[in-house]
Amino acid sequence: GKGNHGLKNRIILAKYGLAAAAPNIAASSKASLTLSDQLAEFTCPEEIRALAMHPSGSLAVAAVGSLGLVAVGVDVKIDGAEKITKTDITLPSCGEVKSLAFSADGAMLAAGTEDGLVHVWSWPPDASGRPLVEVCAADGGKPHKDGNAIQSVCFSTDGARLLTSGEDDTAVLWNIAPASSDDKGEAPRAKPIHVYRSAKGGTLKGARFASAGDAAVDNRIAMCLNRAGVSYAAVFDAESARMLHEGKISADPASSFAASANGRLLAFGTVEGELVVVSSDRLILRRRHKGAHMIFVTGLVFGPSGDTVLSVSADAGARVTQLAPASRKWTILLIFMLWLCLLALSMNPAPFHEGVRWILHKMMPYHAKVMDERTAAGIAYVKYNHPDPFTLGATVQSEEQAGGDSGTPQ
């Protein structure tokens with residue numbers, strides 16, 4: 001921030017992996033994966049509001065307070081030491097930026113501003129600073145109601161759609177597929193596809209693309225909401241805008257939100273420093289770490305492979321949390337217990353039979369639906385009170401099966 005609090009506004013470079021632990025550790029030892037200490041820093045005169053890493057891993061774009069956008073190189077070594085250096089890339093002036101994102105191929109950069117504007121440029125931007133596409137409402141106004149600040153921007157995997165979320169507690173999906181400019185040379189206008197909002201209300205903290213199904217990509221929209229001091233996740237169908245799932249994430253409000261690159265996992269950071277990771281299809285819990293940080297989580301990002309989450313906090317700390325593969329231990333345990341029951345039944349079925357007889361005798365006389373195993377045509381409702389239900393199952397017939405009016409079934 002701008003206050004005289006003695007803390008620097010800076011971009012910090014660290015490494016995560018085997019090399020950060022010790023160069024002689026075996027590559028197969030996952031326990032040795034660690035986050036290194038600070039390797040380099042880049043000091044900024046004002047608060048860093050947002051940071052986006054280019055997919056190449058060689059540079060990052062930072063939103064620095066009222067100064068706008070700054071591009072820095074992060075894959076630089078000078079005299080053998082890691083450095084963060086300012087690049088000579090000229091970035092357009094767009095006011096105070098609150099959110100940033102690169103497309104998956106690194107060909108586009110999107111920025112959402114405090115005054116409610118959304119900009120999309122080709123990367124690197126041309127000297128004119130002309131946007132690649134104009135993102136605005138149908139009447140030419142700001143993309144979100146009342147010009148509220150843009151909390152998050154993110155591209156679909158193919159780069160044809162852009163998802164924005166604003167402080168009006170809505171998320172909007174835009175079609176930004178390349179189109180030709182008009183006769184005046186102005187940038188083509190993006191078309192709004194859907195608006196997503198929770199019918200139950202709540203304060204929106206961000207929206208991301210998500211995926212469900214084996215081959216599906218970006219077919220879901222996931223939102224993070226705070227309602228009455230509790231954090232929730234809401235998942236929508238991207239095409240119909242219909243809400244599919246909503247579930248409680250934590251008893252505390254969420255302060256940050258992220259999705260993995262493949263859209264299968266969602267991560268939430270809370271004001272109490274808790275980290276929660278769930279699946280995006282059914283919101284199944286994958287990891288909960290209550291003591292991840294001492295105070296509220298200010299940023300989250302998944303590793304490229306989706307099995308790690310980097311979190312940063314107002315406690316001036318950063319940590320990487322490893323995610324174990326989805327556990328199937330309960331399914332395996334259930335199958336094992338069922339197998340034991342079947343084994344016991346095959347060895348001594350008498351106790352099982354007696355138990356079933358007792359239950360059925362308590363239920364009789366009631367109407368029962370019986371069917372001959374040879375055909376589905378012979379179904380009848382009968383009222384019975386038989387001393388041995390196992391014998392009854394083999395003897396009862398409907399009148400139709402008996403070949404005429406045979407009176408009361410046996």
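Start by selecting Ala 316, which sits in the loop between β26 (308–313) and β27 (318–322); strands here are DSSP runs of E with at least two residues, helices are runs of H or I with at least four, and both are numbered from the N terminus. Ala 316 is exposed, with a relative accessible area of 77%. The cut-offs are under 20% for buried, over 50% for exposed and partly exposed in between, with a 1.4 Å probe and protein chains only. Now add His 293, 23 residues away along the chain: its C-alpha atom is 9.4 Å from that of Ala 316.

A word on what you have loaded: it is a predicted model, in which local features need pLDDT of at least 70 and side-chain atom pairs count only at pLDDT 80 or more, while totals for chains, interfaces and linings use all residues. Residues are numbered from 1 along each chain as its sequence is written, and side-chain values use heavy atoms, with hydrogens and water left out.

**Zoom out**

Colour by secondary structure and you should find four helices and 29 strands. Of the 410 residues, 40% count as buried. The protein exposes about 22900 Å², with carbon and sulfur atoms supplying 55% of it; the areas come from the Shrake-Rupley method with a 1.4 Å probe. Among contacts (heavy atoms within 4.5 Å) with a separation of 6 or more, 44% link residues 24 or more positions apart.

**Select β10 (108–113)**

How many residues of β10 are buried? Six of its six. Show the side chains and look at each face: Met 108, Ala 110 and Gly 112 are buried on one side, and Leu 109, Ala 111 and Thr 113 are buried on the other. In a regular strand, side chains alternate between the two faces of the sheet.

Next, bring in the partners. Strands count as paired if DSSP finds at least two bridges between them. β9 and β10 run antiparallel and are joined by five bridges, with Ser 99 opposite Gly 112. These two strands make a hairpin with five residues between them, and Gly 106 in the turn has a positive phi of about 75°. On to β11 (residues 118–122), which is also antiparallel to β10, over five bridges; there Met 108 has Ser 122 as its bridge partner. The β10–β11 hairpin has four residues between the strands, and its Gly 116 takes a positive phi near 90°.

**Into the core**

Stay on Leu 109 and show its surroundings. Leaving aside neighbours within four places in sequence, Leu 109 touches Val 61, Leu 69, Trp 123 and Phe 155, among others. The largest nonpolar core has 16 residues, and Leu 109 is one of those with the most contacts inside it, as are Val 97 and Phe 102. Such a core is a set of buried Ala, Val, Leu, Ile, Met, Phe, Trp, Tyr and Cys residues joined through side-chain atoms within 4.5 Å. β5, β6, β7, β9 and β10 each give two or more residues to this core. Apart from it lies another core, of 15 residues, including Met 108 and Leu 162.

**Last stop: an open sheet**

Select 203–250 to find four strands in the order β17-β18-β19-β20, paired antiparallel. β17 (203–210) and β20 (243–250) are at the edges with a single partner strand each, so one side of each has no neighbour in the sheet. In the middle of your selection, β18 (residues 220–227) and β19 (residues 230–237) pair over eight bridges, and Ile 221 has Phe 236 as its bridge partner.
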